[in-house]
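Me: Please take a close look at chain A for me, going from its overall build down to individual residues, and then place it beside its partner. I would like one connected account that also tells me how far to trust what I see.

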Amino acid sequence: MTDQPTPLPDGLDWDGAEHRAVVIVGTGPAGFTAALYAARASLDPLVVQGSAPGGQLTTTTDVENFPGYPDGVMGPDLMQDLEKQAVRFGAELRWGTVTHVDLSESPHKLVVDETTPLLADAVIGATGASAKYLGLENEKRLLGRGVSACATCDGAFFREEEIAIVGGGDTAMEEALFLTRFAKTVHVIHRRDAFRASQIMQDRVLSNGKVQVHWNTVVTDVLGEDAVTGLRLEDVETGETRELPVTGFFVAIGHKPNTEIFKGWLEMDDAGYVLTHPDSTHTNVEGVFVCGDAQDHVYRQAVTAAGTGCMAAIDAERWLAEQDVIDEPRTETEYHAAPAEDSETHRPVAESEA
Amino acid sequence: MSVYVTGTDANFEAEVLNSDQPVLVDFWATWCGPCRTIAPTIEEIASEYDGKAKVVKLDVDNNPQTAMKYGIRSIPSLLFFKDGKPVDQMVGVVPKRVLAEKLDTLAGQAA
């Protein structure tokens with residue numbers, strides 16, 4: 001942990017700050033599930049929505065692998081259902097983004113939108129992950145002007161046009177296939193000579209007549225004044241550069257965890273995923289729990305995010321009971337799993353049901 | 001009761017370009033997830049800025065001419081108009097505070 005935490009803004013009224021037992025940061029499947037469980041445990045959780053309320057599923061169309069929806073469900077509808085369910089049990093939702101934290105003492109300090117101080121005995125970080133961009137200056141400048149990280153949102157604006165997508169994983173394959181519904185040609189640009197996507201997705205893409213693959217190729221610039229007119233490509237083997245005229249450029253090169261606010265406080269791996277204690281959502285800071293994609297670079301599914309969100313709420317509840325912030329955890333009756341104390345670490349360990 | 005205006009290709013000139021107030025135009029579509037996410041914010045802004053600024057929601061599927069004219073390639077796209085000209089553009093789910101600050105600035109200039 002070489003990163004230094006960002007200092008809190010000056011001049012905030014911490015004496016008058018709102019103080020909650022549980023604050024949940026983020027509103028994807030992890031955050032809403034944590035909110036649902038925390039609300040049902042009468043912890044009166046406050047949920048700070050973040051800069052992308054509803055999370056990554058709001059930029060998808062059909063979700064076909066969330067258990068309980070035999071006919072699939074639209075991502076945004078699933079998120080509205082999860083929100084309703086959490087709110088029904090009393091979770092309080094608030095607009096805004098947590099911009100700063102100070103986790104040096106309990107209660108922990110959080111700042112919403114750089115202006116509003118907030119104190120929390122337990123913090124549940126469910127900040128998720130965001131689409132990565134290549135990091136080119138013109139890519140940023142032309143965002144919304146032909147550059148997009150959301151094929152399902154923006155594909156329809158490119159009917160019968162030449163467009164390109166960069167990436168080689170399952171997401172890139174899915175989006176490339178989706179884009180063939182609209183575009184005249186979908187140029188798939190990949191830096192290696194093979195995709196890492198699953199075979200079935202590769203086969204679908206490679207057999208699609210609208211797809212043209214550019215192997216061993218990287219994008220070095222996005223061209224255009226007011227709108228995208230093309231890409232500058234480089235062949236990684238020969239070093240040759242060429243221009244590809246396209247009007248749309250979709251980026252699907254993976255995700256990065258949204259953990260900047262926790263830098264310097266929480267232990268992370270090199271990619272920025274928060275390290276949690278094995279089989280739990282505990283972090284290196286007492287009373288701070290992290291769930292969902294912010295700590296998971298392996299599974300990254302809506303259902304695993306929801307699962308770890310549930311774990312975070314239960315971990316937080318038991319921790320609060322240990323600290324005497326709340327009375328006995330209701331875990332035994334609520335979740336049919338008896339809490340047990342690990343005296344070495346003061347961390348609760350779930351016992352299997354008798 | 002909604003205070004936002006439903007924009008169309010037909011009324012865009014009258015409602016947006018000829019407005020004496022600054023106008024926030026939300027280019028959206030029914031099938032766009034992030035558009036639905038930001039919709040409640042847009043409606044709150046419309047109520048809170050009633051009388052100071054105008055909020056217009058324009059469905060890009062039904063009004064392709066206006067969307068094309070302003071080069072909309074991503075939705076939600078939020079365009080700010082003042083004196084008939086687009087002065088700023090934001091893409092995606094934007095925090096309410098950012099929208100409010102922009103409208104405050106534009107409305108302040110008008111006063």
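**Chain A, from fold to residue**

Reply: In chain A, among contacts with a separation of 6 or more, 61% join residues that lie 24 or more positions apart. The model is a predicted one, and the predictor's confidence in chain A comes to a mean pLDDT of 90, with 92% of the residues scoring at least 70. The exception to keep in mind is the stretch of residues 332-354 of chain A, where pLDDT stays under 50, although the model has 26 contacts beyond four places in sequence for it. Where pLDDT is low, the predicted coordinates should not be read in detail.

As for the overall build, the secondary structure of chain A consists of eight helices and 21 strands. Its C-alpha atoms fill a box of roughly 65 × 50 × 35 Å along the principal axes, and its radius of gyration of 22 Å agrees with the value near 20 Å that a compact globule of 354 residues would have. Of those 354 residues, 45% count as buried.

Helix H1 of chain A, residues 29-40, is a good place to start with the details. Its twelve residues should span 16 Å at 1.5 Å a residue, and because its end C-alpha atoms are 16 Å apart, the expected and modelled spans agree. H1(A) is mostly covered, with twelve of its twelve residues buried; among them are A:Phe32, A:Leu36 and A:Tyr37, as well as A:Arg40, which is charged by side chain and yet buried here. Just after H1(A), A:Ser42 takes a positive phi of about 60°.

Two strand residues deserve a comparison of their surroundings. A:His100 lies in strand E6 of chain A, residues 98-102, and A:Pro117 is found in strand E8, residues 116-125. With 18 other C-beta atoms within 10 Å, A:His100 is partly exposed, whereas A:Pro117 has 20 such atoms and is therefore buried, the cut-off being 20 or more. Beyond its neighbours within four places in sequence, A:His100 is in contact with A:Thr6, A:Leu8, A:Pro9, A:Val111 and A:Ile261. On the same basis, A:Pro117 is in contact with A:Leu12, A:Asp13, A:Trp14, A:Ala17, A:Lys109 and A:Val111. A:Val111 thus appears in both lists. Distances along the chain and in space can be set side by side as well: the C-alpha atoms of A:His100 and A:Thr115, 15 residues apart in sequence, are separated by 9.7 Å, while those of A:Pro117 and A:Phe195, 78 residues apart in sequence, are separated by 46 Å.

The nonpolar interior comes next. In soluble globular proteins, nonpolar side chains tend to be buried together. Here the largest nonpolar core has 68 residues, and those with the most contacts inside it are A:Ile165, A:Ala176, B:Leu24, B:Val25 and B:Phe27, a list that includes residues of chain A and of chain B. A:Ala176 touches A:Ile165, A:Val186, A:Val188, A:Val205 and A:Val211, not counting residues up to four places away in sequence. Apart from that core lies another, of 60 residues, among them A:Ala38, A:Val48, A:Val63 and A:Ile326; A:Ala38 is also one of the buried residues of H1(A).

Where chain A meets its partner, 22 of its residues are in contact with 17 residues of chain B. Helix H2 (75-88) and helix H4 (151-154) of chain A each supply at least two residues of the side that touches chain B, and the residues of that side divide into eight nonpolar, ten polar and four charged. For the complex, the predictor gives an ipTM of 0.72 and a pTM of 0.76.

Chain B itself has four helices and five strands, which follow the pattern β-α-β-α-β-α-β-β-α along the sequence. With 111 residues, a compact globule would have a radius of gyration near 13 Å, and chain B, at 13 Å, agrees. Buried residues make up 41% of chain B, and its mean pLDDT is 91, with 95% of its residues reaching 70 or more. Among the elements of chain B, helix H4 (residues 96-110) has the lowest mean pLDDT, 86, and strand E3 (residues 54-59) the highest, 97.

Conventions
Residues are numbered from 1 along each chain as its sequence is written. Chains are lettered from A and ligands numbered from 1 in the order in which they are written. This is a predicted model: local features need pLDDT of at least 70, side-chain atom pairs count only at pLDDT 80 or more; totals for chains, interfaces and linings use all residues. pLDDT is the predictor's confidence in each residue, from 0 to 100. Two residues are in contact if their C-beta atoms, placed from the backbone, lie within 7 Å. The radius of gyration is taken over C-alpha atoms; the globule rule is 2.2 Å times the number of residues to the power 0.38. A nonpolar core is a set of buried Ala, Val, Leu, Ile, Met, Phe, Trp, Tyr and Cys residues joined through C-beta atoms within 7 Å. The expected span of a helix is 1.5 Å times one less than its number of residues.
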